[in-house]
Amino acid sequence: MANKVQIAYLVADFLFLLMGIFILSFSVIVNNIKDEVPTNGRQAARNLLYQGFPLTAGIVNAVFIFVTFFVTLPGLATTSRLSLKIAGWMSVVCMIFTLILGLYLWILTLKTRIDFFPRFAAQPDNIKSLMQIEFNCCGYFNASSPAFVTDLTCPSPAAAALMRGCAAPITGFANVFVDNIFTALFGVVGFDALFIMATACLLKDRKERARFQHIDEKNGL
């Protein structure tokens, strides 16, 4: 019968697996939608942000989490400590990997204003127009950098000159959007840490049980 320590480990192991499913699902879904044709300015800006995400690294990280989970199964089925030790060290790698992904996205938010400019400038006029209408702006830094697209928001050079550039509103949108994602990744790191602590507790519990069993055997019990 499983003791409380092992039950707690099972819960932590299941949560660890869920985090891998979350990372894989997000990476695969985003990879499938990042190149779709947008229908509004927010979707256009979001897709351009997605194109800078480390999605392949996220998939690799998720696969490594799944491998780590499967390594824990022999340790749960038997009293062996070796597979649990291996899984513990592998989970440390997973935690560091996830932390690096979160930090990468956080660093992106510090450079969004500059990094987004070449992506914005490379878009066809209809996509630029979607973002100009959505964020009520003309051009990027200003109406002439790059040159604004004539639309309902920017009907003429004189009107466009009076409007703000799209850099500020898009950067504000991007920072809030990406903040939520890297915060979620830091939350995953927390679950990884919980799993590592649960592994350490189970290893300690099994070590003590093995020691007491060895003492009983020496005493002929």
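Helices here are DSSP runs of H or I with at least four residues, numbered from the N terminus.

**Figure 1. The fold is helices in a row, α-α-α-α-α-α-α-α along the sequence.** This is a predicted model. Go through the chain and you'll count eight helices and zero strands.

**Figure 2. The chain's C-alpha atoms fill a box of roughly 95 × 25 × 20 Å along the principal axes.** The radius of gyration tells a similar story: the chain has 25 Å, while a compact globule of 221 residues would come in near 17 Å. Take contacts between residues at least 6 apart in sequence, and 75% of them join residues at least 24 apart.

**Figure 3. Here's the surface, about 11800 Å² of it accessible.** Carbon and sulfur atoms own 69% of that area. Of the 221 residues, 43% are buried. As for charge, the chain carries 17 positive and 13 negative charges, and their mean positions sit 7 Å apart.

**Figure 4. Zooming in on phenylalanine 195, a residue of helix α8.** That helix covers residues 167-218. Phenylalanine 195 has a relative accessible area of 0%, so it counts as buried, the cut-off being under 20%.

**Figure 5. Who does phenylalanine 195 touch?** Leaving aside residues up to four places away in sequence, the partners of phenylalanine 195 are Tyr9, Ala12, Asp13, Phe16, Thr72, Ala87 and Ser91.

**Figure 6. Phenylalanine 195 and alanine 143 lie 52 Å apart in space, C-alpha to C-alpha.** Along the sequence, phenylalanine 195 and alanine 143 are separated by 52 residues.

Technical notes: Residues numbered from 1 in each chain as written. Predicted model: local features only at pLDDT ≥ 70, side-chain atom pairs only at ≥ 80, totals over all residues. Heavy atoms only, no water. Helix = DSSP H or I, 4+ residues; strand = E, 2+ residues; numbered from the N terminus. Rg over C-alpha atoms; globule rule 2.2 N^0.38 Å. Buried < 20%, exposed > 50% of the residue type's maximum accessible area, 1.4 Å probe, protein only. Contact = heavy atoms within 4.5 Å. Areas by Shrake-Rupley, 256 points an atom, 1.4 Å probe, with all protein chains shown as cover. Lys, Arg positive; Asp, Glu negative; His and termini not counted. Charge placed at Lys NZ, Arg CZ, Asp CG, Glu CD.
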